Amino acid sequence: MRVAVFSTKPYDRRFLDAARGEHELVYFEPRLSAATASLAADAQAVCAFVNDALDAPCLEALRQSGIRLVAMRCAGYNNVDLAAAQRLGIAVARVPAYSPHAVAEHAVALILTLNRKTHRAFNRVREGNFALEGLLGFDLHGKTVGVVGTGKIGECVLAILKGFGCRLLAHDPEPSSAAEALGAEYVSKAELLAQSDIITLHCPLTPETHHFIDREAIAAAKPGVMLVNTSRGAVIDTRAAIAGLKDGRIGHLALDVYEDEGGLFFLDHSGDVIRDDVFARLLTFPNVLITGHQAFFTREALTAIAETTIGNITAFAETGRPLHPVDA
Ligand code: NAD
């Protein structure tokens, strides 16, 4: 099939080219939206990523160009209007699992960095400053960690944190016996908030999880809680988090995702003025650590993403249905 691949970087091309088989992949750097959908003319499928905007106008434009498949090269699909896709007869596929270890390990890296302040220590030592003031951390051993969402990634996080000797709490409408076998105790949202020293988010972004961490949740959390978000930005109400950081209710905040990351992440803005005042405010806190949606970014994950994406396209070409469809 001829596939228009949007939001591509050199690393996407490298891994997709290695997996592409007979398919013809046409790469575009811009994000996919109604404004750029016309680039997909002549293709039968599009391949899209986390910050592409596959809303109804975009899907309608794609359908007019003859697109029959949207192959997401990510797990989440909150940026696709599934009802519109179904109405237009466009199949949607995703990569349900590529390396849950990649994301889980990054979440734990954020916890360790923010706690032991290795990012600050690195800079100090390079400048000949060996003072320890401001670098005080806490033992992870014995701390209570609340994991929200115990699917593939949440389960890996539980397995890692079990090794640190943490007490594990979990919250998920669909409890898993694997998580319980790792020692996780399922509790209500209120109990998880009240008891956790660290809360790490691994649920998808849905209407139910939108602003799961809001002003009320922050007020109900343990004072000084560490919040870690590697799921989707809008699971945290960022303005409420800023208020929580200012009044000390939140002791540490680590983000790999941000509500309005669309115009910022995956691009080099080092020479630009950041116009997003909410994001700019986050950058001013010494106890906030932000990475630019890189939790998935390992060789193993990119290989698996490319192979599963091509598998979805091949299955669709041969049978009319991708291997991993997302239905409305
Ligand atoms: P998964 O589908 O295996 O697990 C998600 C879990 O969340 C499920 O067990 C589900 O029951 C649970 N859940 C759903 N609604 C919930 C709610 N209201 N409260 C608590 N739990 C709820 O997904 P996964 O592979 O573990 O990925 C989780 C999320 O991580 C993805 O949806 C995606 O948004 C995010 N993600 C981020 C990156 C990154 O690079 N930062 C990479 C991959 C995935």
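These legends go with close-up views of a predicted model, looking at the ligand and the pocket around it.

**View A. Who sits around the ligand.** There are 22 residues around the ligand, and the ones that come nearest are Tyr-98, Lys-152, Ile-153, Asp-172 and Asp-256. Sort that shell by type and you get nine nonpolar, nine polar and four charged residues.

**View B. Polar contacts to the ligand.** Asp-256 puts a polar side-chain atom 3.0 Å from a ligand nitrogen. At Ile-153 the backbone does the work of making the contact: one of its polar atoms is 2.9 Å from an oxygen atom of the ligand. Arg-232 joins in through its side chain, with an N or O atom 3.4 Å from a ligand oxygen. As for cover, the ligand on its own has 870 Å² of accessible area, and the protein covers 86% of that.

**View C. The pocket itself.** The ligand takes up the space of the largest pocket. This pocket has a volume of about 1100 Å³. Its lining runs to 46 residues, with Arg-94, His-202, Cys-203, Pro-204 and Leu-205 the closest to the pocket centre.

**View D. What the lining is made of.** Split by type, the lining of the largest pocket has 25 nonpolar, 13 polar and eight charged residues. Two helices, helix 4 (100-116) and helix 6 (152-163), each chip in at least two lining residues. Helix 6 gives the largest share, three residues.

Key: Residues numbered from 1 in each chain as written. Predicted model: local features only at pLDDT ≥ 70, side-chain atom pairs only at ≥ 80, totals over all residues. Heavy atoms only, no water. Near = heavy atom within 4 Å. Polar contact = N/O pair within 3.5 Å; in protein donor to acceptor, adjacent residues only side chain to side chain. Areas by Shrake-Rupley, 256 points an atom, 1.4 Å probe, with all protein chains shown as cover. 1 Å grid on protein atoms, 1.4 Å probe; cavity = no way out; pocket = protein on both sides within 12 Å on 5 of 7 lines; lining within 4 Å. Sits in = over half its atoms within 2 Å of the grid points. Nonpolar A, V, L, I, M, F, W, Y, C, P; charged D, E, K, R; others polar. Points joined across faces, edges and corners; volume = space filled by probe spheres on them. Helix = DSSP H or I, 4+ residues; strand = E, 2+ residues; numbered from the N terminus.
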